[in-house]
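User: Could you walk me through this model and explain the labels you use for its parts?

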Amino acid sequence: MYLAIFILIIVILILATEINVNIKSANDTIKIDAKVGLIRFVIPHHKLIAKALENEQFKSKHEQRDDFKKLFSNRHYLNRLFKHSSLSMFYLARFTKEELYLNPIQNGAYLIVSNQIKAYLNNHFKLVDYSNIRLIYDKNYENIDYYLCVKSDFISLLTAILKRK
């Protein structure tokens, strides 16, 4: 009986392990890192993208078109994963450091795009920390173009994977 209780507690701890994924873009380079529990690691997305592009060069145009259609038809998996995750930080840099009224066309375009992104994030994530959505110039993020931090746990990932329509 003690063994069963011990195993139940271990399973609960494993399923409740937090997963953080950070996506940061600085000077047109993207860095993706993740933290699972206490272990932090960098995801080698450049190698994965290079390998995928190399594989695509050997395919015909028809196969590439079918892969592109399949990518957009299977995006419901990503949307389900978003529904079971929370957005803890979103930052989008402004192009100019000056006030809105000094450069109205660029800053107006920035506000339109940033509010569209904010609306998309509000509609697709389970929980959004509104205090950490910054759409203004911030000195702490001087050279960063955008920064996105997503939190989830193993039970939410399993629910998103196993859930069917």
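Analyst: Happy to. Please keep in mind that this is a predicted model. A good place to begin is with two residues, Phe 82 and Phe 125, which are both buried.

User: What makes Phe 82 and Phe 125 buried?

Analyst: The label needs a relative accessible area under 20%. Both Phe 82 and Phe 125 meet that condition.

User: Why is the pair of Phe 82 and Phe 125 called stacked?

Analyst: There are two steps. Ring centres must lie within 6.5 Å to pair, and here the distance is 4.7 Å centre to centre. Planes under 30 degrees apart count as stacked; these two are at 25°, so the pair is stacked. The count by this rule is one aromatic pair.

User: What makes this a link between distant parts of the chain?

Analyst: The two residues are 43 apart along the chain. Phe 82 belongs to helix H4 (residues 76–83), while Phe 125 sits in the loop between helix H5 (104–124) and strand S5 (127–128).

User: Which residues make up the largest nonpolar core?

Analyst: Phe 82 and Phe 125 are both in it, along with Leu 87, Phe 90, Leu 92, Tyr 110, Leu 121, Val 128, Leu 148 and Val 150, giving 10 residues. Such a core joins buried residues through side-chain atoms within 4.5 Å, which is why these are grouped together. Strand S4 (86–92), H5 and S7 each give two or more residues, and S4 gives the most, with three. Another core, of six residues, lies apart from it; Tyr 91, Ala 93, Tyr 147 and Cys 149 are among them.

User: What lines the largest pocket, and which residues lie nearest its centre?

Analyst: Its lining has 15 residues, and Val 21, Leu 81, Phe 82, Ser 85 and Val 150 are nearest the centre. Strand S1 (18–26), H4, H5 and strand S7 (144–153) each supply two or more, with the largest share, four residues, coming from S7. By class there are 12 nonpolar, two polar and one charged residues. The space inside is about 310 Å³.

User: How do you know that Arg 40 and Asp 33 form a salt bridge?

Analyst: The nitrogen and the carboxyl oxygen must be within 4 Å. Between the side chains of Arg 40 and Asp 33 the N to O distance is 2.6 Å, so they qualify. A search of the whole structure finds one salt bridge.

User: And is Asp 33 buried or exposed?

Analyst: Asp 33 has a relative accessible area of 12%. The cut-off is under 20%, so Asp 33 is buried.

Technical notes:
Residues numbered from 1 in each chain as written. Predicted model: local features only at pLDDT ≥ 70, side-chain atom pairs only at ≥ 80, totals over all residues. Heavy atoms only, no water. Phe/Tyr/Trp six-rings, centres within 6.5 Å; stacked < 30°, edge-to-face > 60°. Buried < 20%, exposed > 50% of the residue type's maximum accessible area, 1.4 Å probe, protein only. 1 Å grid on protein atoms, 1.4 Å probe; cavity = no way out; pocket = protein on both sides within 12 Å on 5 of 7 lines; lining within 4 Å. Points joined across faces, edges and corners; volume = space filled by probe spheres on them. Nonpolar A, V, L, I, M, F, W, Y, C, P; charged D, E, K, R; others polar.
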